[in-house]
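Me: I am new to this structure and would like to understand the reasons behind the words used to describe it. Could we go through some of them with care?

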Amino acid sequence: MIAAHRGQWRRAPENSLAAVRAGFADGAEIVEVDVRLTKDGVPVLMHDERVDRTTDGTGRVADLTLAQLRGLRLRAGLGGRQAAVTGERVPTLAEVMGAARTLGLVNLDQAWKDREAVWRVLEQTGTVRNGLFKSRAPAAEVRAFLDRHRGALYMHLVDDANAASVGDFGQNRPPAFEVVFDDVRDKVAAPAFAEGLRATGRVWFNTMRNGYAARFTDEASLIDPARGWGALIARHKATILQTDNVRTLKSYLTTGAPDPVPAGAVRVQAENYAPGGEGRAYHDIDPGNRGDGPGRRGENVDVCDHDGAVVVCWMRGSEWLTYGFDVPKAGRYTLKARVSSPYSPAGTYRLAFDRAGPGRPVPVANTTAHHAFDLQDSRDPRELAAGHHHVLLSLDAGAFQNWNLDYLQLEPVRP
């Protein structure tokens with residue numbers, strides 16, 4: 001099963017009604033949301049304690065009434081103060097559950113402390129069987145709640161610190177366990193532990209960031225599924241994966257290919273720039289590799305590891321990189337760049353093919369986070385003959401530059 005983290009935030013603001021609907025539409029069976037209470041006691045969707053990151057307002061959710069929250073507008077994607085303001089509003093949990101009633105399950109993150117208020121919403125909307133509570137509370141506390149609320153769905157969170165709590169449930173185990181581990185040597189990471197959980201229910205792993213499942217991440221999976229989703233399914237017995245990449249996980253589960261190169265296209269990873277060294281293959285203004293990724297020994301290009309995505313980072317004005325492509329067929333091609341940045345504007349670059357002069361400046365659009373990548377079209381198409389070509393990507397010296405480059409993709413322009 002696929003769980004969409006904060007909804008499908010790649011198509012709508014996180015924790016918005018539109019993101020919930022898009023998560024189900026893109027193939028998720030579960031949508032994860034974050035629940036908080038307003039000043040007047042209404043459960044709404046908001047991850048942070050404050051509204052500052054994801055809306056055009058400021059303040060604590062607990063200090064704002066529902067009417068005040070309704071006056072705010074959500075920011076695109078994962079938010080941030082430079083993310084675009086949208087027309088979406090902060091939804092109530094009742095609105096979200098009503099929309100999800102015929103679509104799938106809703107994982108109610110951060111809701112345990114306010115479980116009575118949340119339960120009332122589930123009853124009022126007829127969605128008791130859609131709402132999935134979650135906590136790491138003691139088994140006795142969980143049992144007391146489930147005894148009083150017949151039909152409630154519950155998932156227990158376990159890591160090495162509370163692994164023994166699984167046994168505290170006795171024969172009445174929850175139907176699912178969320179397992180968190182940051183090292184494959186952790187007790188809860190052992191295949192035998194997962195097998196024991198799977199004997200009575202589902203096993204849930206989070207693949208959004210490095211620390212949730214020992215670097216088995218979405219981004220690592222896009223490079224090689226064996227480094228992420230594939231390993232969690234085969235070795236750690238996963239039956240539910242929570243992801244920031246709903247469409248690509250769906251593609252992997254149905255076709256085996258998480259991020260296929262389109263027909264007739266050519267892709268090159270950003271860290272695989274042409275050989276030749278400083279001044280010939282690239283120009284980088286900083287000495288050494290400022291990033292934490294696997295850069296080339298003795299070269300100055302900055303390479304970072306963003307939760308499994310190996311990227312060229314610390315992009316700065318006047319720097320440039322050269323890449324080689326083998327074009328399979330003569331025709332008109334456009335170059336797309338998979339990039340990330342929380343800034344607006346994030347930067348600009350120019351393309352020069354085969355020693356020709358650089359083209360027009362191409363703006364890099366805000367993706368709302370350094371770890372939120374988006375494939376953006378340069379919209380600067382070129383006629384290319386079949387065979388080997390080079391492209392020089394240069395960063396304008398006079399423009400603000402703070403973005404990351406994951407890969408370049410040369411795609412045929414369809415008539």
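Reply: What follows is a set of questions and answers on a model that is predicted.

Me: How do you know that Cys304 and Cys313 are joined by a disulfide?

Reply: The sulfur atoms of Cys304 and Cys313 lie 2.0 Å from each other, and a pair of cysteine sulfur atoms within 2.5 Å is taken as a disulfide, so this pair qualifies. A search of the whole structure finds 1 disulfide.

Me: What makes the disulfide of Cys304 and Cys313 right-handed or left-handed?

Reply: The torsion about its S-S bond decides this: the value is about 80°, and the disulfide of Cys304 and Cys313 is therefore right-handed.

Me: Why is Cys304 called buried or exposed, and what about Cys313?

Reply: A residue counts as buried when its relative accessible area is under 20%. Cys304 has a relative accessibility of 6% and so counts as buried, and Cys313, with a relative accessible area of 2%, is buried as well.

Me: Why is α1 described as parallel, antiparallel or oblique to α3?

Reply: Helix α1 (residues 17-25) and helix α3 (residues 93-100) have axes that come within 10 Å and cross at roughly 20°. Because angles under 35 degrees count as roughly parallel, α1 is roughly parallel to α3. The crossing of α1 past α3 is right-handed, and the residues that meet there are Leu17, Val20, Arg21 and Phe24 in α1 with Glu95, Val96, Ala99 and Ala100 in α3.

Me: What makes the packing of α3 and α4 parallel or oblique?

Reply: The axes of α3 and helix α4 (residues 115-125) are 10 Å apart, and the helices pack at an angle of about 45°. That angle makes α3 oblique to α4, since roughly parallel would require an angle under 35 degrees and roughly perpendicular one of 65 to 115. The helix α3 passes α4 in a right-handed crossing, where Leu93, Ala94 and Met97 of α3 make the contact with Val118, Val121, Leu122 and Thr125 of α4.

Me: How do you know that both faces of strand β9 are covered?

Reply: In strand β9 (residues 240-243), Ile240 and Gln242 point to one side and Leu241 and Thr243 to the other, and all of these residues are buried. Strand β1 (residues 2-5) pairs with β9 in the parallel sense over 3 bridges, with Ala4 opposite Thr243. Strand β8 (residues 202-206) also pairs with β9 in the parallel sense over 3 bridges, and there Asn206 has Gln242 as its bridge partner.

Me: Which strands stand at the edges of the open sheet of 5 strands, and why?

Reply: The order of this antiparallel sheet is β11-β14-β20-β16-β17. The edges are β11 (282-283) and β17 (362-364), because each has a single partner strand, which leaves one side of each without a neighbour in the sheet. Within the sheet, strand β16 (residues 347-353) and strand β20 (residues 387-395) pair in the antiparallel sense over 5 bridges, and Ala352 stands opposite Leu392.

Me: Why is Val266 called buried or exposed?

Reply: Val266, which belongs to strand β10 (residues 266-269), has a relative accessible area of 16% and is therefore buried, the limit being under 20%. Not counting residues up to four places away in sequence, Val266 touches several residues, including Val261, Phe325 and Leu408. The C-alpha atoms of Val266 and Val327 are separated by 7.1 Å, although these residues are 61 residues apart along the chain.

Methods:
Residues are numbered from 1 along each chain as its sequence is written. This is a predicted model: local features need pLDDT of at least 70, side-chain atom pairs count only at pLDDT 80 or more; totals for chains, interfaces and linings use all residues. Side-chain values use heavy atoms; hydrogens and water are left out. Buried means under 20% relative accessible area, exposed over 50%, partly exposed in between (1.4 Å probe, protein chains only). Helices (H or I, at least four residues) and strands (E, at least two) are DSSP runs, numbered from the N terminus. Two strands pair if DSSP finds at least two bridges between them. Axes are lines fitted to C-alpha atoms, for helices over the stretch in contact, and angles run from 0 to 180 degrees between N-to-C directions. Angles under 35 degrees count as roughly parallel, over 145 as roughly antiparallel, 65 to 115 as roughly perpendicular and the rest as oblique. A crossing is left-handed if the near helix is turned anticlockwise from the far one by less than a right angle, and right-handed if clockwise. Contact means heavy atoms within 4.5 Å.
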